[in-house]
Amino acid sequence: MAPLRVLVTGGSRGIGRAIALRFAREGALVSVAARSSDALDAIVKEIEAAGGKGNASQTNVRDHGSVEAAVWRTTQFTGGALDVLVNCAGAYELQSLGDTDQSLWDRMVGVNLSGPFYVTREAQEALEEGERPHVFNVAAAPALLRGPNSTAVSATKAGLRAFGDALRAEWRALGIRVSTVLSGPTRTGLAERIGADWPAMNEPEDVAAVVWDAYHAADDADVADLEVPPPA
Ligand SMILES: NC(=O)c1ccc[n+]([C@@H]2O[C@H](COP(=O)([O-])OP(=O)(O)OC[C@H]3O[C@@H](n4cnc5c(N)ncnc54)[C@H](OP(=O)(O)O)[C@@H]3O)[C@@H](O)[C@H]2O)c1
C-alpha cells in the first residue's frame, strides 16, 4: 500500500505530535507545521525514527501567507496529494470576560478558527487528489466548554465544530470526510500551562488512536464527531 500523506498543524508537541507519530509508525509521509523551529526539528527526527518520512514547516496558522507557504511545501514533499489533514494547532486559554482583552480574543479566533479555515482552504486541491481524504479538526469535549472564564475558547471551539459540520455537508460530494475531534482533558503542555486540575486525563496517544481508527473506518457516518473514551 502507498504511504499515507499527512499534514498535522500543531504537530510538534502534545496531541498533534502523538498523531504525527501514530501515522509515522505506519510509514506515512508526515508534514508538521508549528511556530517553534527547535520543536519542529525534534519531531522530524522522531518521525523518521518511528519509520515515517518527516517534513517541517515553520508556520503561524494565524497568518494566511505563512499557511500558504506551509501547504505549498507540504505538497512539494508529498508529490501533490494529501490524504489526511489534521488541524490541531490551537489554544485553550481561560480568562473572565473582563480580562479577555483584544489581544487574547484575536489570538483565540486566529489560532482556533482562522487557522483551520486558512489551512483547509489551501489544502483543498491536494485533498481532492488524496486517497480516502479526511480532515480532522481538533476541538474540545463539551465538558471543557461553556463554563466560567471560557467565553473565547468556548466560542471558537464551538465555531470550529460548526465549521466542520458545514464543511462535511459541502465536501461529501467531493468524497472528503470531515471529523471534529472532541478532545477531553489530555496530558500535554497546554494542560500544564493552564494549571488544569482535571481529576482524570487522557494521554495524547489516546487521541491519536481515535484519529487513526476514524481514518480507517468503513462507515463514514460514524466519523462526524469523534469522542475520546475517558481513561479507565
Ligand atoms: N490538552 C487538552 O486537554 C486539550 C483539551 C481540549 C482540546 N485541546 C486542543 O487540542 C489541540 C492541541 O492541544 P495540546 O494540548 O496538544 O497543546 P500543546 O501541547 O500546547 O501543543 C500545541 C501545538 O500547537 C502549535 N501552535 C500553537 N499556536 C500555533 C500557531 N499560531 N501556529 C502554528 N502552530 C501553533 C504548538 O507549537 P508552537 O507553539 O511552536 O507554534 C504546538 O505544536 C488544541 O487545539 C487544543 O485546543 C486540548
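Let me start in strand S3, where Ala56 is the bridge partner of Val32, and I should say at once that everything I describe comes from a predicted model. A second pair sits beside that one in my notes, because I want you to find both on the screen: in S3, Ser57 is the bridge partner of Ala33. These pairs belong to the pairing of S2 with strand S3, residues 53–58, which is parallel and extends over 6 bridges. Between the two strands the chain does not turn straight back, but crosses from S2 through helix H2, residues 37–50, to S3, and this β-α-β crossover is right-handed.

Now please look at S2 itself, which covers residues 29–34 and is mostly covered, with 6 of its 6 residues buried. Leu29, Ser31 and Ala33 point one way from this strand, while Val30, Val32 and Ala34 point the other way, and all are buried.

Where does Ala33 lie, and what does it touch? Ala33 lies in strand S2, and, if we leave out residues up to four places away in sequence, Ala33 touches Leu7, Thr9, Gly11, Ser57, Thr59 and Ala70. Ala33 counts as buried because 31 other C-beta atoms lie within 10 Å, and the cut-off for that word is 20 or more. For a sense of distance, Ala33 and Val84 are 51 residues apart in sequence, and their C-alpha atoms are 14 Å apart in space.

On to the other partner of S2, which is strand S1, residues 5–9; the two strands run parallel and are joined by 5 bridges. Here Thr9 stands opposite Ala33 in S2. The chain passes from S1 through H1 to S2, and this β-α-β crossover is again described as right-handed.

S1 also pairs with S4, in parallel, through 4 bridges, and in that pairing Leu7 stands opposite Leu85 in S4. What covers the two faces of S4 is worth a look on your own screens: Val84 and Val86 on one side, and Leu85 and Asn87 on the other, are all buried. S4 goes on to pair with S5 in the parallel sense over 4 bridges, with Leu85 standing opposite Val135 in S5. Once more a helix lies between the strands along the chain, since S4, helix H4 (residues 102–128) and S5 make a right-handed β-α-β unit.

Let us now put the strands together. In what order do the 7 strands of the open sheet stand? The order is S3-S2-S1-S4-S5-S6-S7, and the pairing is parallel. S3 and strand S7, residues 225–227, stand at the edges with a single partner strand each, so one side of each is left without a neighbour in the sheet. If direction is ignored, neighbouring strands of this sheet are turned by 20° against each other on average.

Two helices can be placed against these strands. Helix H5, residues 151–171, lies across strand S5 (134–138) and strand S6 (177–182), and runs at about 160° to S6. Helix H7, residues 204–216, lies across strand S4 (84–87), S5, S6 and S7, and also runs at about 160° to S6.

Next comes a residue outside the strands, Ser183, which lies in the loop between S6 and H6. Is Ser183 buried or exposed? It counts as buried, because it has 26 C-beta neighbours inside 10 Å. Leaving aside neighbours within four places in sequence, Ser183 is in contact with Ile15, Val138, Ala140, Ala141, Val207 and Val228. Its C-alpha atom is separated by 8.2 Å from that of Leu226, although the two residues are 43 residues apart along the chain.

I will finish with the ligand, which is surrounded by 31 residues, the closest being Gly10, Gly14, Arg35, Ser36 and Gly90. The residues of this shell divide into 15 nonpolar, 13 polar and 3 charged. Which helices each supply at least two residues of the shell? They are helix H1, residues 14–24, and helix H6, residues 189–193.

How values were computed. Residues are numbered from 1 along each chain as its sequence is written. This is a predicted model: local features need pLDDT of at least 70, side-chain atom pairs count only at pLDDT 80 or more; totals for chains, interfaces and linings use all residues. A residue is near a molecule or strand if its C-beta atom, placed from the backbone, lies within 6 Å of it. Ala, Val, Leu, Ile, Met, Phe, Trp, Tyr, Cys and Pro count as nonpolar, Asp, Glu, Lys and Arg as charged, and the others, Gly among them, as polar. A residue is buried if 20 or more other C-beta atoms lie within 10 Å of its own, exposed if 12 or fewer, and partly exposed in between; C-beta atoms are placed from the backbone. Two strands pair if DSSP finds at least two bridges between them. A crossover is right-handed if, with the strands pointing away from the viewer, the path from the first strand over the helix to the second runs clockwise. Axes are lines fitted to C-alpha atoms, for helices over the stretch in contact, and angles run from 0 to 180 degrees between N-to-C directions. Two residues are in contact if their C-beta atoms, placed from the backbone, lie within 7 Å.
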